[in-house]
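Here are a few short exercises to work through with the coordinates loaded. Try each one yourself before you read the solution.

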Amino acid sequence: MGLRLRPATGLATAHYGELFQGQIEDETGQQRRCLVSLPCDSLFSRAVFRPQSTADLTIKPERKHKAERAVRLTLERFNATYIGGDVTIFSNIEEGKGCGSSTADCVAVVRAVTIALGERLSEEDVARIVVKAETSSDNTMFRRAVLFAFREGEVVEDFARPLPYLAALGIDLLPSEVVDTLNYAPAAYCWREIQHFQALVGALRKAIRTGDRELLGRVSSASATINERFLPKPLFHEVKRLACHVGALGVAAAHSGTVVSILLDPRDNRLEYKFDLLQAKLREFGIHRTFRFQTHDHSLQIATV
Amino acid sequence: MNRRTRNNILDSYRPNLIALEDNLIAAVFPLMKIYPAEFCIRQAMQEGAIQADSLLIETSSGTMALGLAIVAKWSGHRLTIVTDSACDSALRRRLEDLGTEVEIVPAPAANGGYQRARIDRLRQIRDENKNCWWVNQYDNPANSGSYGVLAGQLLDMLGRIDCLIGSVGSGGSVCGTSNYLRALFPELHVVGVDTFGSVLFGHPDRPRQLRGLGNSILPRNLEHAMFDEAHWVSAAEAFTATRLLHRKTTLFRGATSGAVWMVAQRWAAEHPNARVVCLFPDDGARYVETIYNDDYLSNNQLLLPHLPQAPRKVLHPLDASDSWSSINWNRRSYQEVMGGEATVGATV
């Protein structure tokens, strides 16, 4: 194993809500809390790791403690704790919004460190390191769709193919508020909700297997509606109505955050018109923090410097 | 029984989804009631309503008893089933072999018939046993609540479903499954199949030859406002349809499947662009001596030369009589259709 000590860059995208979040019984009969994130291609973290053969590690910005932990865990993973260096993270993801900014930071640094060491990691291994670094994670490190146990960093079910790509309007319903993911009490779902989730996961399997965006949108709306009971967001029902009104596919909500996304078919030839209409209507409600995005995963574009 | 074995066996009760027509899929169950039986008991354990040494009791003359007997074997609970002479000996033998105590009430009550007599005996048993729990399939929300899993299986295989058709006894399977499907497809059209002399959709209570659907009481699990249509099918029609189903498709089913098939075939043919799912709850094993016996059918005037092509459509339940009828129930409450309050629930 030739150890290259060359600077490397890692990229990771954020998410903007969840297509599914809930609790189901896995194949061993155990109850698992899990989710499927809605990836957002325009929000990302980029980490540059400049390794040195000293053990000192500096990270910029300094407050990114979880990312620092992720760096150390990755070095540990490859028995390279004698290596240090500096890590610089650039991110355009707003923190505390439930968009996975810390996950994206962590995934980006894990990738950067891995490449710098000339190593490889599976997406599952990346997930394991990230959840250790930050106690809870989303599944944006996976290019294929998975049902992800976010507190354990484990794949509960592998859907084996990517999500059909979607267009979306991201909406921050509480722009002046932030959420502390860790202090978030897990939702105490009642048995009826758990049965609902069982049904939704069946539909989710079908939607992903056949690339059925319409069904996926319905699953997402149903899941968001159940979870609204636990983290109510102002104007959530108005947003749902609006989505229905323009013939959107559905809505996705952040399970521990303030954002929602309205899901649209990227092949819709009235897509621009629908975006314009939605943004105009939302402004009437006093919501100005919205942006258009797609769910393509650009983390394929990683480069060494 | 170890958990893995139990899960594997429970899994083996999953329905087979069989496309009978291009737009008609039958969910063919070995024993549909295993779902509510398993979930009712599991929920009761979860909520602390029963302990390891509790006695489970229920009144049923059919597949719910069998479902409970199987699940009680898995969970190690004692089970007493209170039934009447309608319980066939083959079923009784199966129940007893699984360790179930089968009690047969000797005579109908003066007021309320065998139903009342069974409930009275249930009450007695409950009074005599401190650590006793009544499953109460008619009112226990865990019955209809258990069908989320089935809804998931249907959605996984089929995606969008436009219409669900099933027989109604406790209301569990149809109301339960529709409830979960409608979270995704609120426009889902729901059709219930009942029989004459059943009070479920507004008829007066009468002795019924068609068992496995219909009821003499209004169960809480039946939410009338979920139904778009209700159909009444006679015993002769159900039995004839069951035989026709067997000869046409080789599916060996019970009378509820035949009744549902007759209604579903027609509905699917009238709506060729709709994807229709119908529920076939149990198999024909218990009906070998009756439905599958031409002598029995002809001696009891239960064999029809042919089935009606279509139901007689009525505007009010009481206008339906004797042969296949249907009403556009239109998601109304019982009260909206029938006027006046109804007594709901099986009280003990």
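**Exercise 1. Work out how much surface chain B exposes, and what share carbon and sulfur atoms supply.**

Solution. Keep in mind that this is a predicted model.
- Step 1: the exposed area of chain B comes out at about 14500 Å².
- Step 2: carbon and sulfur atoms supply 47% of that area.
- Step 3: turn to the charges. Chain B carries 34 positive and 36 negative side chains, and the centres of these two sets are 3 Å apart.

**Exercise 2. Decide how the radius of gyration of chain B fits the globule rule.**

Solution.
- Step 1: list the secondary structure, which gives 12 helices and 12 strands for chain B.
- Step 2: the radius of gyration is 19 Å and the rule gives 20 Å for 348 residues, so chain B is as compact as a globular protein of that length.
- Step 3: add the extents. The C-alpha trace of chain B spans about 55 × 45 × 45 Å along its principal axes.
- Step 4: look inside. Of the 348 residues in chain B, 58% count as buried. Take the contacts in chain B between residues at least 6 apart in sequence: 69% of them join residues at least 24 apart.

**Exercise 3. Place B:W134: is this residue buried or exposed?**

Solution.
- Step 1: find the element. B:W134 sits in strand β6, residues 132-134 of chain B.
- Step 2: apply the cut-off. Buried means under 20% relative accessible area. B:W134 has 11% relative accessibility, so it counts as buried.
- Step 3: check a partner from elsewhere in the chain. B:L56 is 78 residues away from B:W134 along the chain, yet their C-alpha atoms are separated by 5.9 Å.

**Exercise 4. Run the globule check on chain A.**

Solution.
- Step 1: chain A has 7 helices and 10 strands.
- Step 2: its radius of gyration is 19 Å, close to the 19 Å the rule gives for 305 residues, so chain A is as compact as a globular protein of that length.
- Step 3: the C-alpha atoms of chain A fill a box of roughly 60 × 45 × 35 Å along the principal axes, and 60% of its 305 residues count as buried.

**Exercise 5. Which three residues of chain A supply 34% of the area that chain A buries against chain B?**

Solution.
- Step 1: count the contacts. On chain A, 19 residues touch 27 residues of chain B.
- Step 2: the area buried between the two chains is about 1800 Å², with carbon and sulfur atoms giving 54%.
- Step 3: the trio is A:W191, A:Q195 and A:R218, which supply more than any other three residues.

Terms used:
Residues are numbered from 1 along each chain as its sequence is written. Chains are lettered from A and ligands numbered from 1 in the order in which they are written. This is a predicted model: local features need pLDDT of at least 70, side-chain atom pairs count only at pLDDT 80 or more; totals for chains, interfaces and linings use all residues. Side-chain values use heavy atoms; hydrogens and water are left out. Helices (H or I, at least four residues) and strands (E, at least two) are DSSP runs, numbered from the N terminus. The radius of gyration is taken over C-alpha atoms; the globule rule is 2.2 Å times the number of residues to the power 0.38. Buried means under 20% relative accessible area, exposed over 50%, partly exposed in between (1.4 Å probe, protein chains only). Contact means heavy atoms within 4.5 Å. Accessible areas come from the Shrake-Rupley method with a 1.4 Å probe; for residues, only the protein chains shown count as cover. Lys and Arg count as positive and Asp and Glu as negative; His and the chain ends are not counted. The place of a charge is taken as NZ of Lys, CZ of Arg, CG of Asp or CD of Glu. Buried area is the accessible area (1.4 Å probe) that two parts lose on being put together, summed over both.
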